[in-house]
Amino acid sequence: MADPEREKRIKELLSQMTLGEKIGQMTACTALWKHAVMLPRYNLWTYDSGRNKRLGIPAHKFTDGPRGVTIGHSTCFPVSMARGASWDAELEERVGEVIGYEGRAQGANHYGGVCINLLRHPGWGRAQETYGEDPHHLGEMGVALTKGVQKHMMACAKHFACNSIEESRFFVSAKIDERTLREIYLPHFKRCVDAGVATVMSAYNRVNGEYCGHSRHLLFEILKQDWGFDGFVVSDFLWGVRDGKAAANAGLDIEMPIKRFYGSSLKKLVLRGEVPEKNIDDSVLRILRQKDRFSKVGLPSYDRSRIAGKDHSALAREVAIKSMVLLKNDPRVLPLDRNKIRTIAVIGKLADKANIGDIGSSKVRPPYVVTPLAGITGRAGAAVKIIYERGDHLDAAKLAARNADAVVIVAGLTAKNEGEFLPVPLIKIGGDRINLDLPKDQEELVLAIAPEHKNCVVVLEGGSAITMERWRDKVPAILMAWYPGMEGGNAIADILFGEANPSGKLPCVFPKSTDQLPFFDNHAKEIEYGYYHGYRLFDKKGLEPAFAFGFGLSYTTYQYSNLRLDRAEIGRNGKLVASVDIKNAGTMAGEEIVQLYVGYNGSKVDRPVKDLKGFVKLALQPGETKTATIEVKAEDLAYYDVSQKAWEIEPIEYTVYVGPSSRQKDLRSASFKTSG
Ligand code: BGC
């Protein structure tokens, strides 16, 4: 809702500005020497734009994310994909609050870490920066982070749009039809806009041949016009604008992080009439609106000693615990029993590595990182002996495994295998993963150690799906720990020893092999982004994944019963409530993520077998039963009718599926209709 007083104030301010000053609002103002320092030490300070001393307009001061604040030595949370596995919007909002606090305490007023690009293929190098593959789930998590951050400063949703291949990000064009764009790749951005996100960052890549930073269709027609976004659009850094005229006319409001095409070049374009001054005025009003809005947001003071302090690191540990996904525990070897176990062999070089994710623009520099080895050693207590082997000498590692009561192998990926990519000759850091297996040496390590001990637990680190068909049947237990942040080692130990009950569920399908996934070529100039990916594709083709979307085990068991809908029919503006009873039938307290999907019967257009429309998380004591209630709105059932340029809710029958994962055999169902 526009605030009439604010609108009056900013229009008044605009009327006092010269053309140069207006363009100044749209232009970076970080001192050159700071850029020079930040070449090797990226994100050391904020990247600033739009300071105007004469009119007393403060700069917009950008810092990055998403696993924390990238300036200073801030709290490092688990990466977004891990947080996506918590399916816990309330928790994510608390993460956002800490991020907002720490950013603000260090002088920033704009957080660039609400990354909600849809994971089309798990090989995407920056998969770890987003929450998963499903638009509804992405929307819930993105909104939660936005709300939390915006208690202190502006948040930026990125990268708009279809940015999900890394090595070709500066040139690739996503070929996509309008229905797929609107239904699959954009709804989560709209959710953040509806929740009041202050800014949006355009993507580097092209969509249907046009750079996103130059796309009037994306930035103006969809974002600003259709969705009514009243904030501003910043470019992705350096290569987000290639042509000032195209960008300014498309609705790109600020060029970051240096003056290349805006500044005096943009002024000339305006003077020549190639960019109408009303476009500039619109951009400036958007920028002033958010500056004005956020000048009233936040606390009276910020205490720097709280950065990565006790409360914030406790939250990082809680999030890491709630993010981990127990993929396998058969026969049951977890949790490890400290009363029975005398010796644990911890094996693998990653056990002793601070492995918190990518080292590109999302790099956070926490004051410390608890490694898995440190966490396990600390938790095991003096009575349990820990023998550590890096795995460089296979015979020694095998011997250690043979002589132990339990074995924990820590394997996975690092910033060398996946992450943000710059095309610098001879240096290959990050980039996409074409092969989703573990790196060869680690796969060999698992294969060598697994036969040595029946109680062999594999802890995996990484930013998205890992294929493991060569070895997953050979070990009884697998725990996906992702890049678990600065408290990751403690959280891993909490789960291994049963101090905490695992509750995370996969936010993306783990396939058996890459053949099951959409076509992925990270050098192609154009890639077709089809309607189907992730579990929708698996469902449609009837494929069996290694681990399904929404899947995750617990140390307890949950029984679902009595699915019911509060009505059999809803109108176009209506909604229904699905309820299901869930009992903790085991002996340990736990949290269960309950998922609701909808299927479409007799639609006149091609629809997925089912798609996620809601989820809740319930905390249950042993023996306790609670009712989960999830709402479905008629508007969420619509498809985008391209010919009408409108959302269409069909009067057909729908099936509601509720259960602990997307696997058909896990789901209970009930039907309802929509009317006229
Ligand atoms: C990344 C963005 C990031 C920006 C600023 C770019 O390279 O693509 O995600 O926000 O740098 O750090």
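**Exercise 1. Two helices**

In which hand, left or right, does H5 pass H6 in their crossing? Find the residues that make the contact, and sort them by class.

*Solution.* This is a predicted model.

Step 1. Locate the helices. H5 covers residues 89-105 and H6 covers residues 135-149.

Step 2. Describe the pair. Two packed helices are described by the angle and the distance between their axes. Here the axes come within 6 Å and cross at roughly 35°.

Step 3. Give the hand. H5 passes H6 in a right-handed crossing.

Step 4. List the contact. H5 brings Ala89, Glu92, Glu93, Gly96, Glu97, Ile99 and Gly100. H6 brings Glu140, Met141, Ala144, Leu145, Lys147, Gly148 and Val149.

Step 5. Sort by class. The contact of H5 with H6 has six nonpolar, three polar and five charged residues. Gly counts as polar here.

**Exercise 2. The ligand**

How many residues surround the ligand, and which are the closest? Then look for polar side-chain atoms and their distances from ligand oxygen atoms.

*Solution.*

Step 1. Count the shell. The ligand is surrounded by 14 residues. The closest are Tyr42, Asp64, His159, Asp236 and Glu420.

Step 2. Sort the shell. Five of its residues are nonpolar, three are polar and six are charged.

Step 3. Take the polar contacts; the cut-off is 3.5 Å between N or O atoms.

- Aspartate 64 has a polar side-chain atom 2.4 Å from a ligand oxygen atom.
- For aspartate 236, the distance from a ligand oxygen atom is 2.7 Å.
- For glutamate 420, the distance from a ligand oxygen atom is 2.8 Å.

Step 4. Check the cover. On its own, the ligand has 310 Å² of accessible area, and the protein covers 97% of this.

**Exercise 3. The backbone**

Which residues does a cis peptide bond with omega of about 15° join? Find the cis bond with omega near -5° as well. Where does asparagine 43 lie?

*Solution.*

Step 1. Phenylalanine 160 and alanine 161 are joined by the cis bond with omega of about 15°. Alanine 161 lies in the loop between strands E4 (154-160) and E5 (173-175).

Step 2. The bond from leucine 334 to proline 335 is cis, with omega near -5°. Proline 335 sits in the loop between strands E10 (325-329) and E11 (343-347).

Step 3. Asparagine 43 lies in the loop between helix H3 (32-38) and strand E1 (47-49). Its phi is near 70°, a positive value in a residue other than glycine.

Conventions:
Residues numbered from 1 in each chain as written. Predicted model: local features only at pLDDT ≥ 70, side-chain atom pairs only at ≥ 80, totals over all residues. Heavy atoms only, no water. Axes fitted to C-alpha atoms, helices over the stretch in contact; angles between N-to-C directions. Helix = DSSP H or I, 4+ residues; strand = E, 2+ residues; numbered from the N terminus. Left-handed = near helix turned anticlockwise from the far one by under 90°. Contact = heavy atoms within 4.5 Å. Near = heavy atom within 4 Å. Polar contact = N/O pair within 3.5 Å; in protein donor to acceptor, adjacent residues only side chain to side chain. Areas by Shrake-Rupley, 256 points an atom, 1.4 Å probe, with all protein chains shown as cover.
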